[in-house]
Amino acid sequence: MTFSLYVHIPWCRAKCPYCDFNSHAAAAWPEDAYVGALIAEMGARAANPAWAGATIATVFFGGGTPSLFDPRSIGRILAAAARQFGLDADAEITLEANPGTVDLPKLAGFRAAGVNRVSFGAQSFDPATLRFLGRIHGPEETRAAVHAAHRAGFDRLNLDLIFAVPGQSVADVMRDLDAVCALEPDHVSAYNLTFEEGTAFFTEMRRGRIRPLPSDDQAAMYAAVREELPQRGYAMYEISNYANPGHESRHNLTYWRAESYLGIGAGAHSFARDLASPGGRRWWNERMPAKYLAAVQTNGLAEVGAETIDARVAAGEFVFLNLRLRAGFSIDQFKHRFNRPIEEFFGAGLDRLIGDGLLSRDDDRLRLTDRGLELADSVFAEFV
Ligand code: SF4
């Protein structure tokens, strides 16, 4: 059995006004102590029967800004993961990087530490859009970072893009796509800007100082991205993700396929399938870095909440997560995992969604239609 490991690094140089991740602006951070806590937490989890005999298939350093850390710190974490659990020889090991925080020596250091995939938050190549988004880098820094990553030996490279930024047009989004493709990443994630409660942009929106783009404009941009990237060789394999064939993010596929993952670090979430029943268990850590550190130093763990997932909830999560994938999922595989046919859980809802043209069922596969893609949230609500 294998599982995925998520490692959360919670600090950033500055807080972007749209960001609702567990990230904290800082000029300095207790890197050694935090790495020690991550390793201690992993050690405590390795003793848990949920992971007994399992090895790590993918690792993802997310944040926050993991590229703020020294490559030696990343190397220490990976060495501990290999020691405590076992790391598959072909493990996919991704590190999120802010283009404003890396240069060639640093990227070469990450590569030497064992990282084999890098994910840059490019977001846009328009200087004014980047300023509006509060990014600490300009387009030239992103280009330089990507070139440096290629020179450092990273042939697996994702670029994150944000579209539907107030003031943007479809033509602006197309220019960003041109700029992305010119850098030849093997993977592109393109998300529309959302205004999440608790962010600076949400407050500005409430005060009437920022207005989100009309939903028709947002839909037109999403349609343009969905049309354009496949023509450039990036197949859409998830609602917001595109890749050269065979270069999909294996780590993120773990989430979308509702498989087990262990999250370590401040605010990290974990999910362990119960292999003896169709459900599982989810738990999450203390969010604030200082409290996380104190908890691990005292107890070895920083878990502050947990829930048992019963078969009905697990079945709903399996469906709406897998429906995010363009290929959908196998109905037979569902039956195998949940010991009952899908109709016994969602019969009436499925019939209605298929009748409304939002889901398609052909032979063994259930997937979103093109119309379902645009109304995905309302489809998913049926299974929550
Ligand atoms: S760099 Fe990323 S994680 Fe940090 S505040 Fe900006 S969007 Fe959030």
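This tour goes through a predicted model stop by stop, saying what to select and what is there.

**Domains**

Start with the whole chain. The domain assignment gives domain 1 as residues 2–254 and domain 2 as residues 329–384. Colour the two separately. Their C-alpha centres lie 30 Å apart.

**The largest nonpolar core**

Select Val7, Ile56, Val59, Ile74, Ala81 and Phe163. Which core do they belong to? They sit in the largest nonpolar core, which has 78 residues, and they touch the most other members. Apart from that core lies another, of 16 residues. Ala315, Phe318, Leu358 and Leu359 are among the members of this other core.

Go back to isoleucine 56 and show its contacts, leaving out residues up to four places away in sequence. Isoleucine 56 touches Thr2, Phe3 and Leu5, and also Ala81, Phe85, Gly86, Leu87, Asp88 and Ala91.

**Helices α1 and α2**

Now select α1 (31–46) and helix α2 (residues 71–84). How do the two run relative to each other? Their axes come within 10 Å and cross at roughly 10 degrees. An angle under 35 degrees counts as roughly parallel, so α1 and α2 are roughly parallel to each other.

Show the side chains between them. From α1, the residues in contact are Glu31, Val35, Leu38, Ile39, Met42, Gly43 and Ala46. They meet Ser73, Arg76, Ile77, Ala80, Ala81 and Gln84 of α2. Ala81 has appeared before, among the core residues that touch the most other members.

Stay on α2 and pick arginine 72, which is found in this helix. Is arginine 72 buried or exposed? It is exposed, because 12 other C-beta atoms lie within 10 Å and the limit for exposed is 12 or fewer. Then add glycine 109. Arginine 72 and glycine 109 are 37 residues apart in sequence, and their C-alpha atoms are 7.6 Å apart in space.

**A cis peptide bond**

Move to the loop between β4 (55–63) and α2, where glycine 64 is found. Check the peptide bond from glycine 63 to glycine 64. This bond is cis, with omega near 15 degrees. Most peptide bonds are trans.

**Serine 240**

From glycine 64, draw a distance to serine 240. The two C-alpha atoms are separated by 20 Å, with these positions 176 residues apart along the chain. Serine 240 lies in the loop between β9 (235–238) and β10 (241–243). It is partly exposed, with 16 other C-beta atoms within 10 Å. Which residues does serine 240 touch, not counting those up to four places away in sequence? They are Ser189, Ala190 and Tyr191.

**Helix α10**

Next, select helix α10, residues 289–299. Its buried residues are Pro289, Tyr292, Ala295 and Val296. Look down the helix axis: these buried residues fall within an arc of 125 degrees, so they line one face of the helix. Where do they pack? They pack against β3 (24–25), α1 (31–46) and β13 (280–285). Now turn the helix over. The face turned away from the buried side carries the exposed residues Ala290 and Thr298.

Pick alanine 295, which lies in α10. It counts as buried because it has 20 C-beta neighbours inside 10 Å, and the limit for buried is 20 or more. Alanine 295 touches Glu286 and Ala302, leaving out residues up to four places away in sequence. Add alanine 37 to the view. Alanine 295 and alanine 37 are 258 residues apart in sequence, yet 9.1 Å apart in space, C-alpha to C-alpha.

Step off the end of the helix. Just after α10, glycine 300 takes a positive phi of about 85 degrees.

**Two positive phi values outside glycine**

Two loops remain. Most residues other than glycine have a negative phi.

- Select asparagine 339, in the loop between α12 (331–338) and α13 (342–355). Its phi is positive, near 65 degrees. Asparagine 339 is exposed, with 10 other C-beta atoms within 10 Å.
- Select aspartate 363, in the loop between β16 (359–362) and β17 (365–368). Although not a glycine, aspartate 363 has a positive phi of about 50 degrees. With 7 C-beta neighbours inside 10 Å, aspartate 363 counts as exposed.

Conventions
Residues numbered from 1 in each chain as written. Predicted model: local features only at pLDDT ≥ 70, side-chain atom pairs only at ≥ 80, totals over all residues. Helix = DSSP H or I, 4+ residues; strand = E, 2+ residues; numbered from the N terminus. Arc of directions from axis to C-beta. Contact = placed C-beta atoms within 7 Å. Core = buried A, V, L, I, M, F, W, Y, C linked by C-beta atoms within 7 Å. Domains from an automatic or database assignment. Axes fitted to C-alpha atoms, helices over the stretch in contact; angles between N-to-C directions. Parallel < 35°, antiparallel > 145°, perpendicular 65-115°, else oblique.
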